[in-house]
Amino acid sequence: MSDYLQSILGGLADGCVYALIALGMSVIYSISRIISLAQGGFVVLAALCAVSLQSGLGISPLATLPIMVVIFSVGMIGVAQIVIQPAAKRATPERLLLVTVGMLQAVGGLLLIGWGNLPYTMPAFTGDAPVKVAGLSLPTQYFWLAGALAVSVLGLWLLLTKTDIGLAMRATASNPGAAALQGIRVDRMRLIAFGLAGAMAALAGTTIVPITFLQFTTVTPYAVAGFIAAVVGGLGSNMGAVTGGLLLGLLQGVFGRYWNADLAQLTAIALLVAVLVIRPQGIFGTPERVRR
Amino acid sequence: MSAMTATRPRARLFGPLGVAAALALSGCSAVAAAEGEAIRIGLIASQTGPGSQLGIGEVRGAELAVEQINADGGVNGQRLELITADDQSNPSQAVLQARKMLGRVDAFVGPSTSGPCKAIGPLAESAQVVNYCLSPGLKPEPGGWQWSASVATHDLTSRLVDYWKSQGITRIGLLTQTDSSGAEGAESTKAAIDAVDGMELAGEATFSPDAVSVTAQLQQIARHEPQALVVWATGAGAGVAFKGMGQVGLDVPVATTDGNLTYAFVDRVQNFLPDPLLIPATRDFWDPAEYPNDEVREIEANYHDAYVAAHGEQPDFGPGVAYDGVHLVAEALERAEGDAAQARAELEKITDFDGVVGTYNFSREDHRGLAEKDVAIVQATKDGFEFIGGVE
Amino acid sequence: MSPLLTVRGLSRSFGGVAAVQSVDLEVEQGTIRAVIGPNGAGKTTLLDLVTGFTKPDMGTVDFDGHQLVGRSPRDLPSLGLMRTFQSARLVPSLTVRENVMLGAYRFTRARFLSDALRLPRTRREERELRSRADELIGFLDLTRFADSRATDLPAGAQRLVEVARGLAGAPKLLLLDEPAAGLDDSETRELADVLHAVREGGVTMVLIEHNMSLVLAISDQVTVMDAGKVIADDVPSTVREDAAVRKAYLGVAS
Ligand SMILES: Nc1ncnc2c1ncn2[C@@H]1O[C@H](COP(=O)(O)OP(=O)(O)OP(=O)(O)O)[C@@H](O)[C@H]1O
Ligand SMILES: [Mg+2]
């Protein structure tokens, strides 16, 4: 029983990362209709940057978290301004997808050049000794990971529903033209969305890397898992992204007990894709979003 | 002599060639004549991309071998030349680079990994050029034009299981990554356990290369109470597994693939090294005291010392196979008196050839030439690889 | 005192159709200027030219010392100019209250970081914005719709939401394109009261309207357009008697 629970917890840890990636994709998509597959790459990039910061400058692992969040939100705004916004002015959404795939590859290449074909990790934020609860062994980092997801979800919700920038962002998401007429700087709202996605990539990468090892090859599986989670949850729906991510991780963990890991992953994905047959708009998506 | 260089490439050119190869060659024949009287080996290695960790070392090892062969008078008095190309760890690039080289080179060494090796197989076959592939993952056809470097996975696992048996370990757990090398490791390990009386498989699980944690799999295995664990995974996957062992408190000897025989890898996972972490390894990783004779001792010293002098570090997996590959191919070309089409027959006749990876015995059926005798167990420590035992 | 809005020689053709032909118009501070005319007379096009939705072929638009020709519509809220549309352009997935709050977006001083951190100033602003929006919603008798999705409302009510949103921006000049279309008589009378009160509050307005009783009741000056041209420009009582106006409106209920 306890190791059944352990599989579920392991799956949920994977799921937290997928959820954070999907959430970033969802925020970007809802405001700019761009599917940013590069989000998976930025998570690994943030992780390896944090590792280098920690080992190179001797900063404590926890202290790398706020640093990476700042660097990545500012960095993503820069990337959006320099690469994505200009491309978005000219390219069709399908072409833009290619642009983000290209960015994903570029991030992978950068990781290979900068860090080599090697796995990286760093110590846990609050010690490597796991907490023992009812026969379960929980690395304390699991709590940080769950916290990172909770903070992202809650923070995003507060921002969107309780502030006027959030209102302006929702207006932009709903109808950029009508929003612009009220004096909302639509381009700026899009940049903020990219900044938020950057912050989430940093949160995900920095909190996950102490539990695991990451290297440049992780980039694509993360992008794919995040994308599936976002689509199944309902592209553009934040609740959906989180649900999709956690569900994907959970199913993988549970199926992995009985089958080969590849088969488990395939089955989990197939099951979620089957959801799309019944609900093409995803679990939390609105049909309107699909049509647009 | 000049007549020979002129006929050498031609013999192949207008022999039973594929149309594509002929097209690729037509532009090159003038160049081939102009380049004169050297013997040329084309080295295709993954100098960039995921295989670069192997490829860069391979180029170094091959260059070292060419240098030493030329210093000893070349191949039948002719200078040996190395033409290198980067396949970017990509099969289609490997084919492209091999095409470009056809007609200019007398044999191929490389590529670095099994995908690109398989991709250029048909080309080597139709052009009738020897191809000494540097990946152990290739399974060469008897009598074909391709060779495969280093020992086969089943020889590695079989030596490992024998070693553990000698240590009184009988229950072996198995954790593998779901990629082609992991799958082959799993199969070979199970075959090796089956082949030895009294050994049994104690728990088995797989994980995908992007898994964040494998603690659940490790706990599943731990329930079977293994006395030792095989982790057939490279890179991040191996790291995740080692880390997970600490988390679930599974404290048993671990063995892993020779794909992890790199100093850089051990350095990355040094804080999570299982005690001990064993790797079945070829002779270039052994303790000099274990070499079979003085001749081998000299060959190994020649290689290791020159490599360290040139690059300031010990060679790991890549340089050794390329170094041997160049020596073997050069030996075959020498025996064939420079006739590339004869090189396959001559290479198949090479036996008892002492290289740095092991002692090669080729035949029509065996295009690998190494066996379990060339494997021993080393232990990965923070300071490098330490010889443990298992030599016959 | 110079007029708040001065339009000179404004012209625009679409293909062969001269939608607006050298129109001159002055709107004095604190007044309501009605623009009437049959369907296709060019009234909406005139508003579009003033607000930058359509580029004029010729002419100038001066508003409160700013030249408007060549500006983007999105720059106008910050100059104090708001407008409503003949078919409302509300943000679909937001509630009525949120749409009205958007009208006041330009007043929010808070920046992203303080918003994200929910600093006290942000929270105070947010509260003020919300209570002001609720006030306007009450003023236009829309309170029962406050939490509905704006685009779920009937077309008439949606135009009233646009009026509230325009007012939320505390404009100097409010341009209204047929706000009473689709309202019943009592609703129209209520709207007249509202606009009256708005003018008392010092807001200048341009009102495009077909409903003559509304126009006659509340406007200070009336411009009559036909086929892109201004055919009359006078106080309501005079315009009502004008022969040309009667001719232009022949066949149109009035
Ligand atoms: N974008 C456009 N392209 C082509 N023709 C246009 C365009 N906009 C307006 N028109 C034409 O210009 C003329 C004036 O139209 P406009 O919408 O300004 O009339 P209006 O007075 O607002 O009428 P209504 O009372 O029906 O709203 C019409 O003939 C119309 O067809
Ligand atoms: Mg109109």
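A polar contact is a pair of N or O atoms within 3.5 Å; within protein, one atom must be able to donate a hydrogen and the other to accept it, and residues adjacent in sequence count only if both atoms are side-chain atoms. By that rule, 7 residue pairs are in polar contact across the interface of chain A and chain B, both residues at pLDDT 80 or more. The model is a predicted one.

Stay with this interface for a moment. Chain A brings 38 residues into contact with 27 residues of chain B. Together the two chains bury about 2,700 Å². Of that area, 54% lies on carbon and sulfur atoms. How many salt bridges are counted between chain A and chain B? The count is 0.

Which parts of chain A touch chain B? Three elements give two or more residues to that side: helix 1 (2-32), helix 9 (219-233) and helix 11 (261-278) of chain A. Helix 1 of chain A gives the most, with 7 residues. By class, the side of chain A that touches chain B has 22 nonpolar, 12 polar and 4 charged residues.

Now look inside chain B. Its domain assignment gives two domains. Domain 1 covers 3-151 + 287-371, and domain 2 covers 153-281. The contact takes 9 residues from domain 1 of chain B and 9 residues from domain 2 of chain B. The C-alpha centres of these domains lie 32 Å apart.

The two domains of chain B bury about 760 Å² between them. Carbon and sulfur atoms carry 54% of this area. Three residues stand out on the domain 1 side: B:Val151, B:Asp316 and B:Phe317. They supply 52% of the area that domain 1 of chain B buries against domain 2 of chain B, more than any other three residues.

What of charge and polarity at this boundary? Between domain 1 and domain 2 of chain B the count is 1 salt bridge. The count of residue pairs in polar contact there is 1, with both residues at pLDDT 80 or more. On domain 1 of chain B, the side that touches domain 2 has 5 nonpolar, 2 polar and 2 charged residues. In chain B, the side chains of B:Lys139 and B:Glu184 also meet in a salt bridge, 3.3 Å from N to O.

Salt bridges deserve a wider look. Side chains of opposite charge can pair when their charged atoms come close. Over all chains, a search of the whole structure finds 27 salt bridges.

Take B:Glu81 and B:Arg40. Their side chains meet in a salt bridge at 3.2 Å, N to O. B:Glu81 lies in strand 2 (residues 80-86) of chain B and B:Arg40 in strand 1 (residues 39-45), so the pair ties together parts that are 41 residues apart in sequence. Is each partner buried or partly exposed? B:Arg40 is buried, with a relative accessible area of 3%. B:Glu81 counts as partly exposed, at 22% relative accessibility.

Another pair in chain B is B:Lys190 and B:Glu204, which meet at 2.8 Å, N to O. B:Lys190 lies in helix 8 (residues 180-195) and B:Glu204 in strand 7 (residues 200-207) of chain B, so this salt bridge ties together parts 14 residues apart in sequence. B:Lys190 is partly exposed at 31% relative accessibility. B:Glu204 is partly exposed too, at 39%.

Chain C has a pair of this kind. C:Arg97 forms a salt bridge with C:Asp147, with the closest N and O atoms 2.6 Å apart. The two residues are 50 residues apart and link distant parts of the chain. C:Arg97 sits in helix 3 (residues 96-103), and C:Asp147 in the loop between helix 5 (120-139) and helix 6 (155-168) of chain C. C:Arg97 is buried, with a relative accessible area of 14%. C:Asp147 counts as exposed, at 58% relative accessibility. Back in chain B, salt bridges that share partners join B:Arg40, B:Arg79 and B:Glu81 into one network.

The backbone has its own details. A cis peptide bond joins B:Gly110 and B:Pro111, with omega about -5 degrees. B:Pro111 is in the loop between strand 3 (107-109) and helix 6 (114-127) of chain B. A cis peptide bond also joins B:Asp275 and B:Pro276, with omega about -5 degrees. B:Pro276 is in the loop between helix 11 (263-268) and strand 10 (277-281) of chain B.

Definitions and conventions
Residues numbered from 1 in each chain as written. Chains lettered and ligands numbered in written order. Predicted model: local features only at pLDDT ≥ 70, side-chain atom pairs only at ≥ 80, totals over all residues. Heavy atoms only, no water. Domains from an automatic or database assignment. Contact = heavy atoms within 4.5 Å. Buried area = accessible area lost by both parts, 1.4 Å probe. Salt bridge = Lys/Arg side-chain N within 4 Å of Asp/Glu carboxyl O. Nonpolar A, V, L, I, M, F, W, Y, C, P; charged D, E, K, R; others polar. Helix = DSSP H or I, 4+ residues; strand = E, 2+ residues; numbered from the N terminus. Buried < 20%, exposed > 50% of the residue type's maximum accessible area, 1.4 Å probe, protein only.
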